[in-house]
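Student: I would like a close look at one part of this protein. Please take the hairpin and work outward from there, in one connected account.

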Amino acid sequence: MSFRYTPELLSYMNEKGKKHIAVEVASSNHSDFEVTELYFRFVKEDYAYYLRDKKRYILKETDVGFVLLPPYRLHYEETVTFGLKRFLIFRSITQTGISL
């Protein structure tokens, strides 16, 4: 499995000093149906090691930093691509290649 970053995301990461991306699974069962989604966020290096040591996340090293994968059964393609999406002034990480 390999990880790619879009030029927009790399530029943003360099500008903000970010290196590590955590892939997390969010679940909500406070209604009549349960919702489970993936979400992605930047984490600092000490928190990355905390996730690895305490939460059993899998640490994958890339050219930029680490990608932390949760200890859940997810489906991964050969190449996972991370990108950046903008909505007004808000930015979020996008991905292709990981599914529940």
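Tutor: Start with E4 and E5. These two strands pair in the antiparallel sense over four bridges. A hairpin joins E4 to E5 through four residues. One bridge sets leucine 59 opposite leucine 68 in E5. Bear in mind throughout that this is a predicted model.

Now the loop of that hairpin. Threonine 62 lies in the loop between E4 and E5. Is threonine 62 buried or exposed? Its relative accessible area is 14%, so threonine 62 is buried, the cut-off being under 20%. Its side chain makes a polar contact with the side chain of tyrosine 5, at 3.2 Å. Leaving out residues up to four places away in sequence, threonine 62 touches Phe3, Tyr5 and Val67.

Next, the sheet around the hairpin. E4 and E5 belong to an open sheet of four strands, in the order E3-E2-E5-E4. The pairing is mixed. E3 and strand E4 (58–61) stand at the edges. Each has a single partner strand, so one side of each is left without a neighbour in the sheet. From one strand to the next, the twist averages 25 degrees.

At the other end of that order, strand E2 (residues 20–28) and E3 pair in the antiparallel sense over nine bridges. Glutamate 24 has tyrosine 39, in E3, as its bridge partner. The loop between E2 and E3 holds glutamate 34. Glutamate 34 is exposed, with a relative accessible area of 54%. Beyond four places in sequence, glutamate 34 touches Ser27, Ser28 and Asn29.

A helix covers these strands. Helix H2 (residues 45–54) lies across E2, E3, E4 and strand E5 (66–69). H2 runs at about 140 degrees to E3.

Follow the chain out of E5. Proline 70 sits in the loop between E5 and E6. Proline 70 is buried, at a relative accessible area of 1%. Setting aside neighbours within four places in sequence, proline 70 is in contact with Val23, Val25, Tyr57 and Tyr76. Arginine 56 is 14 residues from proline 70 along the chain, and their C-alpha atoms are separated by 7.3 Å.

Return to the residues that threonine 62 touches, Phe3, Tyr5 and Val67. Where do they lead? Tyr5 and Val67 are among the residues with the most contacts inside the largest nonpolar core, which has 15 residues. Ile21, Val23, Phe40, Phe82 and Ile98 are also on that list. Strand E1 (2–5), H1, E2, E3, E5, E6 and strand E7 (90–99) each give two or more residues to this core. Apart from it lies another core, of seven residues, including Ala48, Leu51, Tyr57 and Phe66. In soluble globular proteins, nonpolar side chains tend to be buried together.

Isoleucine 98 shows the reach of a single core residue. Leaving aside residues up to four places away in sequence, isoleucine 98 touches Val23, Leu38, Phe40, Leu74, His75, Tyr76 and Val80.

Phe3 and Tyr5 lead to the rings as well. Ring pairs link Phe3, Tyr5, Phe40 and Phe82 into a cluster. A search of the whole structure finds six aromatic pairs. One of them joins tyrosine 12 and phenylalanine 42, with ring centres 6.1 Å apart. Their planes stand at 35 degrees, so the pair is tilted. Tyrosine 12 lies in helix H1 (residues 7–16) and phenylalanine 42 in strand E3 (residues 35–43), so the pair ties together parts that are 30 residues apart in sequence. Tyrosine 12 counts as buried, at 17% relative accessibility.

Within the cluster, phenylalanine 40 and phenylalanine 82 form an edge-to-face pair. The distance is 6.0 Å centre to centre, with 75 degrees between the planes. Phenylalanine 40 lies in strand E3 and phenylalanine 82 in strand E6 (residues 75–87), so this pair ties together parts that are 42 residues apart in sequence. Phenylalanine 40 is buried, with a relative accessible area of 15%. Phenylalanine 82 is buried too, at 0% relative accessibility.

That closes the path from the hairpin. Threonine 62 in the loop touches Phe3 and Tyr5. Ring pairs then link those two residues with Phe40 and Phe82.

Conventions: Residues are numbered from 1 along each chain as its sequence is written. This is a predicted model: local features need pLDDT of at least 70, side-chain atom pairs count only at pLDDT 80 or more; totals for chains, interfaces and linings use all residues. Side-chain values use heavy atoms; hydrogens and water are left out. Rings of Phe, Tyr and Trp (its six-membered ring) pair if their centres lie within 6.5 Å; planes under 30 degrees apart count as stacked, over 60 as edge-to-face and the rest as tilted. Buried means under 20% relative accessible area, exposed over 50%, partly exposed in between (1.4 Å probe, protein chains only). Two strands pair if DSSP finds at least two bridges between them. Axes are lines fitted to C-alpha atoms, for helices over the stretch in contact, and angles run from 0 to 180 degrees between N-to-C directions. Contact means heavy atoms within 4.5 Å. A polar contact is a pair of N or O atoms within 3.5 Å; within protein, one must be able to donate a hydrogen and the other to accept it, and residues adjacent in sequence count only if both atoms are side-chain atoms. A nonpolar core is a set of buried Ala, Val, Leu, Ile, Met, Phe, Trp, Tyr and Cys residues joined through side-chain atoms within 4.5 Å.
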